[in-house]
Amino acid sequence: MKLLSAVVNSFGCSASGERLVSAARDGDFQEAQALLECNPRLARYSTFGVRNSPLHFSAAHGHHEIVHLLLQSGVDIDLRNYRGQTALMQACQHGHWEVVLILVLFGANVHKADYLNGGTALHLAATNGHSRCIRLLLADYIPSIPNFREIMSQIRDNEEPISEFDHKALSQFINQSADGGITALHMAALNAQAESVQLLLEFGASVSEVTIGDGTVIDLIGPGSTALHYAACGGNAKCCKLLIAWGASLTTENENGWTPLMVARSWHKSWLEDILSTEPVGRPKLIPSRYLSLPLMSIVQISREYGWNSKSAPGCQDPCVVCLERKCTVAAEGCDHEFCTRCALYLCSTNWGTTISRGPPGSVSCPLCRNGIVSFVKLPEKALVKEVARKSFLLPIGQRSHETPSKATPLTSQLRSLELCHVDDTSLGVSFCCQRLPSINLCRETPNICHSLVPRCVNRNLQNHLARY
Ligand SMILES: [Zn+2]
Ligand SMILES: [Zn+2]
């Protein structure tokens with residue numbers, strides 16, 4: 001009898017597990033929530049054979065709200081499938097940046113390599129040109145400081161950088177190689193992903209890393225190849241120009257004795273002849289990538305510490321002016337305009353290169369005054385509970401906050417705080433659109449390129465709200 005009961009339970013669990021897998025794959029949040037409420041252990045279910053878990057399915061299909069739900073149910077964030085892939089790798093492969101954002105906030109291991117070829121999430125994002133995912137993967141490595149590009153250029157010129165930021169850790173991560181010594185830069189160059197090539201170069205990807213002959217590299221390019229050899233094979237002129245501008249050598253021969261030009265010829269990429277045969281005259285101007293997003297690290301750290309998705313505050317007298325729902329928890333350094341954590345996170349993850357900001361390259365344009373935001377600071381607790389009057393969002397530009405950016409906390413306490421502030425996930429269903437804001441008096445110079453994070457449903461309210469000023 002006991003055996004029969006165990007078998008029935010086993011079948012029941014399996015059936016519920018399959019239902020959860022279907023819900024995770026199809027994005028059925030209500031079904032997933034109901035199943036997990038009945039049995040939270042289902043979060044750890046994996047399908048027989050391919051052994052993909054609900055976390056993998058929801059990540060691969062971009063259902064970030066279900067990913068969040070599963071993480072709250074205690075699933076191992078770095079769970080591997082039969083190919084050794086984590087949910088983070090699958091989200092990066094398919095370019096689901098919102099999933100990547102949640103996984104990074106919850107502390108997913110960005111260094112894990114798969115069993116097939118040792119590729120990491122960074123390799124997969126670079127291969128497929130998902131620059132937004134690349135930027136999010138690097139959230140803990142790029143400091144929110146205004147002179148980041150100057151420091152990186154000092155490092156390129158082999159000068160000792162004047163900074164306390166750990167550029168060696170950044171260099172190790174970005175140049176981490178898969179089997180055959182293939183870096184993310186090789187993959188982006190081979191697949192003609194020019195934006196990703198540019199971003200990786202900005203963050204210190206080495207143009208001199210070469211592949212090694214361990215039987216896994218592409219024979220028709222050959223071992224000992226640089227990213228420029230791979231770009232020559234891929235045939236994208238912009239990738240080649242970017243690599244050359246960052247110092248890639250035209251004369252380096254791989255182990256077959258081929259230069260990049262010879263690789264281009266062997267792959268019939270005749271349009272690269274001029275680019276790969278003449279050294280550029282003088283030092284080319286390096287244009288900043290539009291995905292730099294300097295304030296990202298500051299807001300990611302604040303979000304881990306204090307929660308990223310605070311509840312809507314219906315009675316809030318002075319809510320975040322972007323969503324008009326949640327209370328303000330962070331302020332932009334420089335202009336002091338205040339936002340809820342989630343809107344600030346989305347601002348740093350999406351508002352790249354679409355507006356002109358008054359700040360260094362990589363600063364994110366404040367949606368209210370166009371000040372270039374380089375970092376966010378958390379508001380003091382008393383401001384959070386509205387014990388003091390909050391500054392209007394029409395403060396004089398240039399007024400500075402005296403708050404200091406919060407320090408990173410240990411992951412355990414970060415995760416604890418994330419657990420404490422979980423909310424009704426239906427709020428995640430709000431889609432942030434790329435609608436343009438109506439003209440705001442404060443940004444007359446660039447009224448038509450305002451990039452809004454305002455959900456469609458509140459846009460009219462925001463218009464009315466802004467019209468009063
Ligand atoms: Zn908001
Ligand atoms: Zn501002």
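**Close-up 1. Surroundings of helix 5 in the predicted model.** The buried residues of helix 5 are covered by elements that include helix 3 (54-60), helix 4 (64-72), helix 6 (97-105), helix 7 (121-127) and helix 8 (131-137). Helix 5 spans residues 87-94, and seven of its eight residues are buried. These buried residues are Ala-87, Leu-88, Met-89, Gln-90, Ala-91, Cys-92 and Gln-93. After helix 5 comes Gly-95, which has a positive phi, near 75°.

**Close-up 2. Packing of helix 5 against helix 6.** The two helices pack at an angle of about 150°, and their axes are 8 Å apart. Helix 5 is therefore roughly antiparallel to helix 6. Their crossing is left-handed. Helix 5 contributes Ala-87, Leu-88, Ala-91 and Cys-92 to the contact, while helix 6 contributes Val-99, Val-100 and Leu-103. Of the residues in this contact, seven are nonpolar, none is polar and none is charged. An α-helix has 3.6 residues a turn, so residues three or four places apart point the same way.

**Close-up 3. An open sheet of three strands.** The strands are arranged in the order 2-1-5, with antiparallel pairing. Strand 2 (338-339) and strand 5 (376-378) stand at the edges, each with a single partner strand, so one side of each has no neighbour in the sheet. Strand 1 (residues 330-332) runs antiparallel to strand 2 and is joined to strand 2 by two bridges. Ala-331 lies opposite Glu-338 in strand 2.

**Close-up 4. Helix 17 and the sheet strands.** Helix 17, formed by residues 296-306, lies across strand 1 and strand 5. Helix 17 runs at about 20° to strand 5.

Note on methods. Residues numbered from 1 in each chain as written. Chains lettered and ligands numbered in written order. Predicted model: local features only at pLDDT ≥ 70, side-chain atom pairs only at ≥ 80, totals over all residues. Pairing = 2+ DSSP bridges. Helix = DSSP H or I, 4+ residues; strand = E, 2+ residues; numbered from the N terminus. Contact = placed C-beta atoms within 7 Å. Axes fitted to C-alpha atoms, helices over the stretch in contact; angles between N-to-C directions. Buried ≥ 20, exposed ≤ 12 C-beta atoms within 10 Å, placed from the backbone. Parallel < 35°, antiparallel > 145°, perpendicular 65-115°, else oblique. Left-handed = near helix turned anticlockwise from the far one by under 90°. Nonpolar A, V, L, I, M, F, W, Y, C, P; charged D, E, K, R; others polar.
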